[in-house]
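Subject: Structure handover

Hello,

Here is the structure I said I would pass on. Please look it over before reading the notes underneath.

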Amino acid sequence: MKTLLGLLSLLVTLFYSAHALSHELRPASLSLIQTGAEQFDVTWRVPARGDRRLSLYVQFDEGTNQNSLSTAQMIGGYYVERWQVSHPQALVGSRIAIDGLADTMTDALVRIRWQDGREQVARLLPDQTSIMVEEKSGIMEIARTYFVLGVEHILLGIDHLLFVLALVVLVSGGRQLVTTITAFTLAHSITLALAVLGVVSVPQAPVEAAIALSIVFIATEILHKLEGRKTLAIRKPWVVAFGFGLLHGLGFASALTEIGLPEHAIPVSLGLFNVGVEAGQLVFIAAIAGVMYFLRRIKPVQLWEIRTGTTATAASALPVAYLVGGLSALWLVDRTLALVV
């Protein structure tokens, strides 16, 4: 009984820690779209939870004038503020800073679009909180920005990582793992592109709930495998990985849709974001493999394997199934309730 209560307490702690941290680590975004010779529409999105938002504020230099009162509302976990500004050189040569960014663990993406089609994209960090507005972003800057955003999105997306972890535990052998991860990659690449380009449009809240359900399903399949059952997911995990990959791609797309893509470099930014997601995914899988490799080199673990006839890898499957399944079940309940409340 004490073990069960301890596990439940750990799951609840992990759930609320991951839930709170995800809000802190989501990127803020600043969009400036030119509407006149000197005038720009400003949209400022700041991560929020409930009625609380991160204390981040846009600071323009003295040459920039605010032309309208700001309006604000909470939309999908973000505090969204809109107003208009003007600048005699259409912002070129001015400095834009994010006050408060140095005190957070998040970053901010700045996108400026002029009427003639020029765009500038920059990523601000806690140690680099301002930019100088230029005529146009270079293609390498855009590529680097969206690649890093892709890596960050997967490595900070706890639910996506748990799904990958469950897949790694479920499959048998390196060849099956490569096939399964390739199927997952191909599937979420398809829906990521379709959703970001506007071909497919799905409400985000049901997608997030379904993603949690997919993790519960894979965790359950791990238990079935330990019981010796031969379900489709166990015999052909790549099929299930492809199906759920389509779903997870819609989740990846939500972040990229919120950030937006530079119109003059859509293929580059979309492609590099996806490559970044894959790079982060491979880093995570390599980390899992590294942990298991070094664990099996520890003398007490080797002696335990000899004594029990069970590998440490196999022994880890049961606690992983319960921890991943329990945490994703909490997410499922939380996200489902959010649909009806």
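The notes below go through the salt bridges, a small group of strands, a pair of helices and two single residues.

One caution to begin with: this is a predicted model.

Salt bridges

The count of salt bridges comes to six. Three of these pairs are described here, together with a network.

Arg 118 is bridged to Asp 116, and the closest N and O atoms of the two are 2.7 Å apart. Asp 116 has a relative accessible area of 54%. The cut-off for exposed is over 50%, so Asp 116 is exposed.

Glu 152 and Arg 123 also meet through their side chains in a salt bridge, at 2.3 Å from N to O. This pair links distant parts of the chain, since Glu 152 belongs to helix 2 (residues 139-156) and Arg 123 to strand 10 (residues 119-124), 29 residues apart. How accessible are the two partners? Glu 152 is partly exposed, with a relative accessible area of 23%. Arg 123 has a relative accessibility of 18% and counts as buried, because the cut-off for buried is under 20%.

Arg 123 and Glu 152 are also part of a network of salt bridges, in which they are linked with Asp 107.

The third pair is Arg 335 and Asp 159, whose side chains meet in a salt bridge at 3.2 Å, N to O. Here too, distant parts of the chain are linked: Arg 335 is in helix 10 (residues 312-340) and Asp 159 is in helix 3 (residues 158-170), with their positions 176 residues apart in the chain. Arg 335 is buried, at a relative accessible area of 16%. Asp 159 counts as buried as well, at 7% relative accessibility.

The sheet around strand 8

Strands 4, 8 and 11 make an open sheet of three strands, in the order 4-8-11 and with antiparallel pairing. Strand 4 and strand 11 are the edge strands, each pairing on one side only. From one strand to the next, the twist averages 15°.

On one side, strand 8 is joined by four bridges to strand 4 (residues 57-60), and the two run antiparallel. Within this pairing, Val 58 stands opposite Ile 98 of strand 8. Three bridges join strand 8 to strand 11 (residues 130-132), again antiparallel. In that pairing Ala 97 stands opposite Ser 130 of strand 11, and Arg 95 stands opposite Met 132 of strand 11.

Which residues of strand 8 lie on its covered face, and which on its uncovered one? In strand 8 (residues 95-99), Ile 96 and Ile 98 form the covered face, while Arg 95, Ala 97 and Asp 99 form the uncovered face.

Helix 2 against helix 8

Two packed helices are described by the angle between their axes and the distance between the axes. The axes of helix 2 and helix 8 (residues 266-295) come within 7 Å and cross at roughly 40°. Helix 2 and helix 8 are therefore oblique to each other. Their crossing is right-handed. Residues of helix 2 that make the contact include Ile 139, Ile 142, Tyr 146, Phe 147 and Leu 149. On the side of helix 8, the contact residues include Val 268, Leu 272, Phe 273, Val 275 and Gly 276.

Two single residues

Asn 274 lies in helix 8. Is Asn 274 buried or exposed? At 16% relative accessibility, Asn 274 counts as buried. Leaving aside residues up to four places away in sequence, Asn 274 touches His 188, Ser 189 and Leu 192.

Where is Ser 201 placed? Ser 201 sits in the loop between helix 4 (174-196) and helix 5 (204-226). With 72% relative accessibility, Ser 201 counts as exposed. Ser 201 and Leu 250 are 49 residues apart along the chain, and their C-alpha atoms are separated by 8.8 Å.

Regards

Key
Residues numbered from 1 in each chain as written. Predicted model: local features only at pLDDT ≥ 70, side-chain atom pairs only at ≥ 80, totals over all residues. Heavy atoms only, no water. Salt bridge = Lys/Arg side-chain N within 4 Å of Asp/Glu carboxyl O. Buried < 20%, exposed > 50% of the residue type's maximum accessible area, 1.4 Å probe, protein only. Pairing = 2+ DSSP bridges. Axes fitted to C-alpha atoms, helices over the stretch in contact; angles between N-to-C directions. Parallel < 35°, antiparallel > 145°, perpendicular 65-115°, else oblique. Left-handed = near helix turned anticlockwise from the far one by under 90°. Contact = heavy atoms within 4.5 Å.
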